[in-house]
Amino acid sequence: MQTDDFQHLVESGTLSAVPMVCSIGVFDGVHRGHQEIITTCVTYAHRNGWKSMVVTFNRNPKVPAGEKAPLLMSQVQKRQFLAELGVDYLVVIDFSSDFSKLTGVEFLNLLGTICTVKGIVVGVDFRCGTPASCAGPEQLQEYLNRRGPGNKLLIPPYVRLDSGERVSSSLVRNTLKTGDLPLVEKMLGRYYSLDLRGAAPENRDGCLWYPLEKLEQLLPPCGTYVAQALTADGTRIPVVARLTTTDIVLQAERVDVFPVDIEQLYLIQRYGT
């Protein structure tokens, strides 16, 4: 998967002649609903001999500039996961003050300069542009029609839980805050994982201590968790993870083989729940 900056592609025109099916969104956590959108994009593109492109943002546009909101997924995790889904191009928008003022039509016109848009895949509630002049599914279809016959808008239905509740990033966040990791797993289609690559641990009494201040992701409640540690060579090691107000403490059955090159921590189940 190739990663590019949106503005760089606008200015360079590197991919302007490449036929693309584009999927646009924040994709916070890349939950099962997002996965349905992205795999639809990839499948439709490859079926027609085109390329797939995911257009996303360097920060959540819904969060005011200057404010920090914990992520459900680090940027590195997101890139890796999108690559695993078969995406050809990941294009990241620097959501600056100037960019935030674009109308929906202006944004779509810019999208048309970075590639040859053959199709767009978005969620049911997709909107782009300033609130006063945003573009939704109707405007997207009009835009595609203007660009040529046969261009297609695809909108996969919501993914829902057995209860009928719609899977969303907000629901994942709220559920994670309660510590219900099995339900989070159902919504993500995988264990919730923390990216530990930027946090150097201390080794104390055979345990690895990771300072929370180095983590940028949303955390479940303090407590003790069944977990798996993923090392740089892809090995998964069963561990017990204790989350405090300041640290994550990892303990393995065999202290003598406990590695320090842990990249991710998969949280599986909270003890006592």
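Which helix and which strand each supply at least two residues of the lining of the second largest pocket? The exercises below lead up to this and to related points. The model is a predicted one, in which local features need pLDDT of at least 70 and side-chain atom pairs count only at pLDDT 80 or more, while totals for chains, interfaces and linings use all residues. Residues are numbered from 1 along each chain as its sequence is written, and side-chain values use heavy atoms, with hydrogens and water left out.

**Exercise 1. Describe the second largest pocket and its lining.**

Step one is the term itself: on a 1 Å grid over the protein atoms alone, a pocket is an open set of points with protein on both sides within 12 Å along at least five of seven lines, whereas a cavity is a set of points where a 1.4 Å probe fits but cannot get out, and lining residues have an atom within 4 Å of a point. Grid points are joined across faces, edges and corners, and a volume is the space filled by probe spheres set on the points.

Step two gives the volume, which is about 440 Å³ for the second largest pocket. Its lining has 23 residues, and those nearest the centre are N58, R59, N60, A69 and L71.

Step three answers the opening question: strand 3 (51–57) and helix 3 (75–84) each supply at least two residues of this lining. Helices (H or I, at least four residues) and strands (E, at least two) are DSSP runs, numbered from the N terminus.

Step four sorts the lining by class, which gives ten nonpolar, six polar and seven charged residues. Here Ala, Val, Leu, Ile, Met, Phe, Trp, Tyr, Cys and Pro count as nonpolar, Asp, Glu, Lys and Arg as charged, and the others, Gly among them, as polar.

**Exercise 2. Find what lines the largest pocket.**

Begin with the volume of the largest pocket, about 1,100 Å³. Of its 40 lining residues, G25, V26, K62, D125 and R127 are the closest to the centre.

Next, look at the elements: helix 2 (32–47) and helix 6 (169–178) each supply at least two lining residues, and helix 2 has the largest share, with four. By class, the lining of the largest pocket divides into 21 nonpolar, twelve polar and seven charged residues.

**Exercise 3. Place H34 and Y44, and list their contacts.**

Start with H34, which lies in helix 2 and is buried, with a relative accessible area of 11%; buried means under 20%, exposed over 50%, and partly exposed in between (1.4 Å probe, protein chains only). The side chain of H34 reaches the backbone nitrogen of V30 at 3.5 Å. Not counting residues up to four places away in sequence, H34 touches F27, D28 and S169, where contact means heavy atoms within 4.5 Å.

Continue with Y44, also placed in helix 2 and counted as buried at 11% relative accessibility. Leaving aside neighbours within four places in sequence, Y44 is in contact with V21, W50, G150, K152 and L154. One of these partners, K152, is 108 residues from Y44 in sequence, yet the two are 9.9 Å apart in space, C-alpha to C-alpha.

**Exercise 4. Describe the largest cavity, then turn to Q264 in strand 13.**

First, the count comes to one cavity of 30 Å³ or more, and the volume of the largest cavity is about 40 Å³. Among the residues lining this cavity are L194, Y225, R242 and L267.

Second, strand 11 (236–243) and strand 13 (262–270) each supply at least two of the lining residues, with strand 11 giving the most, three. The classes are nine nonpolar, no polar and one charged.

Third, Q264 lies in strand 13 and counts as buried at 9% relative accessibility. Its contacts beyond four places in sequence include Q77, Q80, S193 and L230.

**Exercise 5. Explain why C22 and C134 form no disulfide.**

A disulfide is a covalent bond between the sulfur atoms of two cysteines. The cut-off used here is a pair of cysteine sulfur atoms within 2.5 Å, and the structure holds zero disulfides.

For C22, the closest cysteine sulfur is in C115, and because it lies 3.8 Å away, it is too far for a bond. For C134, the closest is in C128, at 7.6 Å, which is also too far. C22 is buried, with a relative accessible area of 0%, whereas C134 is partly exposed, at 33%.

Methods
A polar contact is a pair of N or O atoms within 3.5 Å; within protein, one must be able to donate a hydrogen and the other to accept it, and residues adjacent in sequence count only if both atoms are side-chain atoms.
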